[in-house]
Structures are given as C-alpha cells and as structure tokens.
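Me: Please take a close look at one surface patch of the structure below and describe its setting in the chain. Kindly explain each technical term when it first appears.

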Amino acid sequence: MADVNTSYVTEFILKGITDRPELQVPCFVIFLVIYLVTVLGNIGLIILIRIDTRLHTPMYYFLSHLAFVDFCYSSAITPKMMVNFVVELNTIPFHACATQLGCFLTFMITECFLLASMAYDRYVAICSPLHYSVLMSRRVCIQLVAVPYIYSFLVALFHTIITFRLTYCGPNVINHFYCDDLPLLALSCSDTHLKEILIFAFAGFDMICSSSIVLISYIFIIAAILRIRSTQGRRKVFSTCGSHMVAVTIFYGTLIFMYLQPKSNHSLDTDKMASVFYTVVIPMLNPLIYSLRNKEVKEASMKALGKGCETLKMLPLRK
C-alpha cells in the first residue's frame, strides 16, 4: 500500500546559530542593531523615493522595490531568529514554518530577478541613453517588477506545498535559524530524492537566468566604459555600477554555495553562516550600497531633513 503523506510533527524547534550561553546576549544585541538598521534604512529609502519627485525615475523605482523586498524577507527571518537567543526552546508551529519558508522563497527569488532588472536598467542608461525613456517606459518598468513577484510567488508556493506534504515523524529539531528546504528535508521520513532534484533544477534555473542577465548587462557596460576617453567620465560611470557588482557577487555567491552543491558536500553548520549574509547582512547593506553613496539620494535626504527641521521650528512651544 502506498504511504500516505501525513505529518506527525505539529511543531519544529529551531536550533539557531549557536547554543553557547556566553554568546546569546551579544548575538541578540548585534542582530537587533542590524535589524533596526535594516528596517530604518529600507523603509526610509522607500519613503524618500516616494516624496522626492527628483527620484521618480526607473532606477529608483526598482530600488524602492528592492528595499521593500529586503525589508520583507529580513522581517520574515530575523525576528524569529532573535527569539532563539532569549528562550530555551525556539519552537515554531508547523503551519508557521510553512509560511516562513514560503515568504522567504518568494522574496529571495524576487530579489534575484530585481537585481537583474536593475542591471538591465543600468545597461540601457549607459549603452543607449538616447533611447532610455522609450526602452524603460513606465509600462516596461511595471512589467520588470510585476513578473518577478508573480513568478516568485508561484515557485515558492509550489516548493512549500511539496515540502510540507512530506512525512515528518520526528525528530523535529531544525539545524538552522529559520525554516529552509534543506534542513527540513533532513528531518523527513519520506523519500526526498524528487524534492532535491526540484530544488537543484529551480535554483539552477533562477540563478542562471538572473545572473546571466546581470553578467551580459555588465559586459556591455564595461565595454561602454572602456570606450569613454575621459578618466573622470569612466570613474563616474563605474562608480554607479561598482557597488552593485559587489552586492550581486555576494548575493549570488552565497546562493550558489547553498543550493548548487552536491548533498554529500553539504554542512548545515556552514550553510547557516552563509545564510546569515543573504538573510540578515545584505538587506542591511543594500540601502548603503545602492543609495547612500548616491549624490541624488544624499541631496534628497538633506532636503527632507531640512523640511523636517523647519516644520519642528514652526511648531508652537508649550510653556
């Protein structure tokens, strides 16, 4: 008789990053600060782009959605991770675990393709500046954002359903700080061979497609930069792309390390450390990498602060 996909586990226990007591409080403080910076940086960036009309361009349109995605998938992971530092057992209900996995996959895949959209935007701006307004029309920009959201949601839903239709009959301790596919498969009593193939296939497809767009875009961008005779002109153009290239390398590098290696080479403890980069650190760094070094964003920030100070001065003082 065929096995019935019935789950016997009603909740999971997240093992967290470390179980050393002397590191719990320092880690909690560090990740709390990182999360607060992430929230303030990304939400602040979204608000700034919305209120300043000078930032109503395709580049900042993509950047606002990248900030939203970073905020969302950091919020899906970091608060629950911090709980592990202050409680003895960090439990998560079965359905909450499924929700966390679905949200994480949705926003992680969306970020992959948003980075590709941003690279394509920079390619058009640098290589075809005269046709930029036509090639990057409002309709095109909406499509370049909407398609990643829709595709990512459908893929995440598909993977989450398959993962949580497997049988989990114990143990229920996830050797990770959030619900992820690979640690969950290690706990399943079912045959996970098909699921492992699907992870490899979808992860490979997503990363190859998105990274190819980024790579091809930057090949043309670098070729265009090399044709610029002015050293100052080269430096100005390259400065707008260099930080993005670093962030892309870190993001894709950790994903490739996590998902595109044979199962025999996997170390869940090593994967946890790699996961910290793209779930906690990168969402904090992105507002700095993409905007705070940008002259237009700096000017918009100073303008917003100036208006805020003027508003405060106009408020009547209470005696």
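Reply: Ile150, Phe153, Leu154, Leu157 and Ile161 together form a nonpolar patch on the surface, with about 490 Å² of accessible area. A patch is built from residues with over 30% relative accessible area and no salt bridge; like charges are joined within 9 Å, and nonpolar side chains (Val, Leu, Ile, Met, Phe, Trp, Tyr) within 5 Å. Accessible areas come from the Shrake-Rupley method with a 1.4 Å probe, and for residues only the protein chains shown count as cover.

The model is predicted, with local features needing pLDDT of at least 70 and side-chain atom pairs counting only at pLDDT 80 or more, while totals for chains, interfaces and linings use all residues. Residues are numbered from 1 along each chain as its sequence is written, and side-chain values use heavy atoms, leaving out hydrogens and water.

Within the patch, Leu154 is exposed, since its relative accessible area is 51% (buried means under 20%, exposed over 50%, and partly exposed in between, with a 1.4 Å probe and protein chains only). Leu154 belongs to helix α5, which covers residues 138-163 (helices are DSSP runs of H or I with at least four residues, strands are runs of E with at least two, and both are numbered from the N terminus).

Helix α5 also has a partner: its axis comes within 11 Å of the axis of α7, and the two cross at roughly 165 degrees. Helix α5 is therefore roughly antiparallel to α7. Axes here are lines fitted to C-alpha atoms, for helices over the stretch in contact, and angles run from 0 to 180 degrees between N-to-C directions. Angles under 35 degrees count as roughly parallel, over 145 as roughly antiparallel, 65 to 115 as roughly perpendicular, and the rest as oblique. The crossing of α5 past α7 is left-handed, a term for a near helix turned anticlockwise from the far one by less than a right angle; clockwise would be right-handed.

Helix α7 takes part in a further contact, for the side chains of Lys195 and Asp181 meet in a salt bridge, at 3.5 Å from N to O. This pair links distant parts of the chain, with Lys195 in helix α7 (residues 193-226) and Asp181 in helix α6 (residues 181-185), 14 residues apart. Both Lys195 and Asp181 are buried. A salt bridge is a side-chain nitrogen of Lys or Arg within 4 Å of a carboxyl oxygen of Asp or Glu, and the structure holds 4 of them.

Another of these bridges joins Asp121 to Arg122, whose closest N and O atoms are 3.0 Å apart. Asp121 is buried at 1% relative accessibility, and Arg122 is buried at 16%. Arg20 and Glu22 form a salt bridge as well, with 2.8 Å between the closest N and O atoms; Arg20 is partly exposed at 47% relative accessibility, and Glu22 is partly exposed at 48%.

A second pair of helices consists of α2 (residues 58-83) and α3 (residues 94-127), which pack at an angle of about 155 degrees with their axes 9 Å apart. Helix α2 is thus roughly antiparallel to α3, and α2 passes α3 in a left-handed crossing.

For the wider setting, the chain has 10 helices and 3 strands, and 45% of its 319 residues are buried.
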